[in-house]
Amino acid sequence: MAFNGTWKVEKSENYEKFMEVMGISLVKRKLGAHDNLKLTFQQEGNTFTIKESSNFRTVEIVFTLGVDFDYSLADGTELHGNWIIEDGKLVGTFRRKDNGNELKAFREIIGDELVQTYIYEGVSAKRIFKKA
């Protein structure tokens, strides 16, 4: 339940390089670096509803821990995988539908921040959020 609430991105680390490795075009990388992303979490038992709002889209994702689902990134990259909770962190393991490569994602509360870490092809990036 620690994730519940609305979080607004404050800063990113290595995010443009991560997007480049993901194969996202230069124009979309520049736009994505300034997307003003807000995440709204609502947890009920093992089910999460997350609303992602940015300058480019608003989407609502509903998933149950440990159950695979399909998800599309803002640039259109399609993924399949799931989230689990491990040591108080949300841990996502996804495979790209176009090439089968793995994308790992971690969401954890550190102090008063939500830290989201992505790892793809050995490149990691962080996005740090504060409660909105």
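Let me begin with F56, which at 44% relative accessibility counts as partly exposed, because that class covers what falls between the buried limit of under 20% and the exposed limit of over 50%. I should say at once that what we are looking at is a predicted model. F56 sits in the loop between β3, residues 47-53, and β4, residues 58-64, and together with V27 and L31 this residue makes a nonpolar surface patch of about 290 Å².

Right after F56 in the numbering comes R57, and this residue takes us to the pocket. The largest pocket has a volume of about 690 Å³, and among the 32 residues that line it, those that lie nearest its centre are Y15, R57, Y71, L73 and A74. What is the make-up of this lining, in terms of nonpolar, polar and charged residues? The lining divides into 22 nonpolar residues, 3 polar ones and 7 charged ones. Several elements take part, each supplying at least two residues of the lining, including the helices α1 (15-21) and α2 (26-32) and the strands β5 (69-72), β6 (78-86), β8 (102-110) and β9 (113-120); β3 and β4 also belong to that group.

R57 has a second role to mention here, since its side chain forms a salt bridge with E52, with the closest N and O atoms 3.4 Å apart. The two partners fall into separate classes of accessibility: R57, at 23%, counts as partly exposed, whereas E52, with a relative accessible area of 11%, is buried.

That brings me to the salt bridges in general, of which the count comes to 8. One of them joins the side chains of R127 and D35, at 3.0 Å from N to O. R127 lies in strand β10, residues 123-131, and D35 lies in the loop between α2 and β2 (38-44), so this pair ties together parts that are 92 residues apart in sequence. Are these two partners buried or exposed? Both R127 and D35 are buried.

Another salt bridge brings the side chains of R96 and D98 together, at 2.7 Å from N to O. Here R96, at 8% relative accessibility, counts as buried, while D98, with a relative accessible area of 55%, is exposed. Finally, there is a network to point out, in which salt bridges that share partners join D112, E113 and K130.

Note on methods:
Residues are numbered from 1 along each chain as its sequence is written. This is a predicted model: local features need pLDDT of at least 70, side-chain atom pairs count only at pLDDT 80 or more; totals for chains, interfaces and linings use all residues. Side-chain values use heavy atoms; hydrogens and water are left out. Patches are made of residues with over 30% relative accessible area and no salt bridge: like charges are joined within 9 Å, nonpolar side chains (Val, Leu, Ile, Met, Phe, Trp, Tyr) within 5 Å. Accessible areas come from the Shrake-Rupley method with a 1.4 Å probe; for residues, only the protein chains shown count as cover. A salt bridge is a side-chain nitrogen of Lys or Arg within 4 Å of a carboxyl oxygen of Asp or Glu. Helices (H or I, at least four residues) and strands (E, at least two) are DSSP runs, numbered from the N terminus. Buried means under 20% relative accessible area, exposed over 50%, partly exposed in between (1.4 Å probe, protein chains only). On a 1 Å grid over the protein atoms alone, a cavity is a set of points where a 1.4 Å probe fits but cannot get out, and a pocket is an open set with protein on both sides within 12 Å along at least five of seven lines; lining residues have an atom within 4 Å of a point. Grid points are joined across faces, edges and corners, and a volume is the space filled by probe spheres set on the points. Ala, Val, Leu, Ile, Met, Phe, Trp, Tyr, Cys and Pro count as nonpolar, Asp, Glu, Lys and Arg as charged, and the others, Gly among them, as polar.
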